[in-house]
Amino acid sequence: MQRYPVWDQDEARSIIAGLAHLEGATLPMLHALQEAFGHVDAQAVPLIAEALNLSRAEVHGTISFYHDFRGAPPPARVVKLCRAEACQALGCEALVEGLAREHGIAVDAATESLAVETVYCLGNCALGPAALVDGELIGRLDAGRLAEICGLAEAAA
């Protein structure tokens with residue numbers, strides 16, 4: 001997993017200024033900040049609001065509306081587990097239950113080292129259950145592979 005630099009106010013200002021000319025620049029700014037730092041720090045809100053002549057509430061509302069924006073650096077590993085109908089039919093709920101029962105890992109909770117998040121459809125329905133692991137699509141997921149991905153292989157053995 002990529003490690004990100006610490007939040008840098010001057011670098012953030014530069015990113016925001018470079019995108020301020022775009023129509024509808026809020027989302028491109030937020031994506032660029034998250035790409036650069038791994039998260040959108042709360043300090044970005046007034047910077048974006050000032051650059052785009054928006055209220056801080058409007059910027060905060062945009063950040064909080066979209067689930068993929070993070071307010072803190074991401075964990076070392078992010079597993080997005082598909083729980084849509086096709087993956088449910090192929091056993092994803094058993095994987096979720098197994099993580100909780102056998103490893104004490106709750107889906108949609110995060111630690112410094114691991115986040116297992118629910119998503120609804122990764123477009124890999126024929127190869128479900130599917131997950132997106134640090135941006136890489138994994139198909140035909142089973143309990144052993146999921147434990148390995150989550151760094152629990154020793155505990156699963």
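Two strands pair if DSSP finds at least two bridges between them. Helices (H or I, at least four residues) and strands (E, at least two) are DSSP runs, numbered from the N terminus. The model is predicted: local features need pLDDT of at least 70, side-chain atom pairs count only at pLDDT 80 or more, and totals for chains, interfaces and linings use all residues. Residues are numbered from 1 along each chain as its sequence is written, and side-chain values use heavy atoms, with hydrogens and water left out.

**Exercise 1. The overall build**

Task: State how many helices and strands the chain has, and give their pattern along the sequence.

Solution.
Step 1. Count the elements. There are eight helices and five strands.
Step 2. Read along the sequence. The pattern is α-α-α-α-β-α-α-β-β-β-β-α-α.
Step 3. Add the dimensions. Along the principal axes, the C-alpha atoms fill a box of roughly 55 × 30 × 25 Å.
Step 4. Add the burial. Buried means under 20% relative accessible area, exposed over 50%, and partly exposed in between (1.4 Å probe, protein chains only). Of the 157 residues, 38% count as buried.

**Exercise 2. The sheet**

Task: Work out the strand order of the sheet, and say which strands stand at its edges.

Solution.
Strands of a sheet pair through backbone hydrogen bonds, either parallel or antiparallel.
Step 1. Start with β1 (residues 77-82). Six bridges join β1 to β3 (residues 114-119), and these two run parallel. One bridge partner pair is Cys 82 and Val 119 of β3.
Step 2. Turn to β4 (residues 131-133). β1 and β4 pair in the antiparallel sense over three bridges. Here Lys 80 stands opposite Leu 132.
Step 3. Go on from β4. Three bridges link β4 and β5 in the antiparallel sense. Leu 132 has Leu 137 of β5 as its bridge partner.
Step 4. Go back to β3. β2 and β3 pair over two bridges, again in the antiparallel sense. Ala 109 has Val 116 of β3 as its bridge partner. β2 and β3 form a hairpin with three residues between them.
Step 5. Put the strands together. The result is an open sheet of five strands, in the order β2-β3-β1-β4-β5, with mixed pairing.
Step 6. Find the edges. β2 (109-110) and β5 (136-138) each have a single partner strand, so one side of each is left without a neighbour in the sheet.

**Exercise 3. Covered strands**

Task: Find how many residues of β1 and of β3 are buried.

Solution.
Step 1. Take β1. Five of its six residues are buried, and the strand is mostly covered.
Step 2. Take β3. Six of its six residues are buried, so β3 is largely enclosed by the rest of the structure.
Step 3. Check the faces of β3. Leu 114, Val 116 and Thr 118 lie on one side, with Ala 115, Glu 117 and Val 119 on the other, and all are buried.
Step 4. Look just past β1. Ala 84 is in the loop between β1 and α5 (85-89). Ala 84 counts as buried because its relative accessibility is 10%.
Step 5. List its contacts (heavy atoms within 4.5 Å). Not counting residues up to four places away in sequence, Ala 84 touches Val 119, Tyr 120 and Cys 121.

**Exercise 4. A helix and its neighbours**

Task: Name the buried residues of helix α3 and the helices they pack against.

Solution.
Step 1. Locate α3 at residues 44-52. Its buried residues include Ala 44, Val 45, Leu 47, Ile 48, Ala 49 and Leu 52.
Step 2. Name the partners. The buried residues of α3 pack against α1 (9-19), α2 (26-37) and α4 (56-65).
Step 3. Look past the end. Asn 53 follows α3, and its phi is positive, near 55°.

**Exercise 5. Aromatic rings**

Task: Describe the aromatic cluster formed by Phe 65, Tyr 66 and Phe 69.

Solution.
Step 1. Set the rule. Rings of Phe, Tyr and Trp (its six-membered ring) pair if their centres lie within 6.5 Å; planes under 30 degrees apart count as stacked, over 60 as edge-to-face and the rest as tilted. The count comes to three aromatic pairs.
Step 2. Take Phe 65 and Tyr 66. They are edge-to-face, 4.9 Å centre to centre, with 85° between the planes.
Step 3. Take Tyr 66 and Phe 69. They are edge-to-face, 6.2 Å centre to centre, with 85° between the planes.
Step 4. Compare exposure. Phe 65 is exposed at 59% relative accessibility. Tyr 66 is partly exposed at 37%. Phe 69 is buried at 10%.
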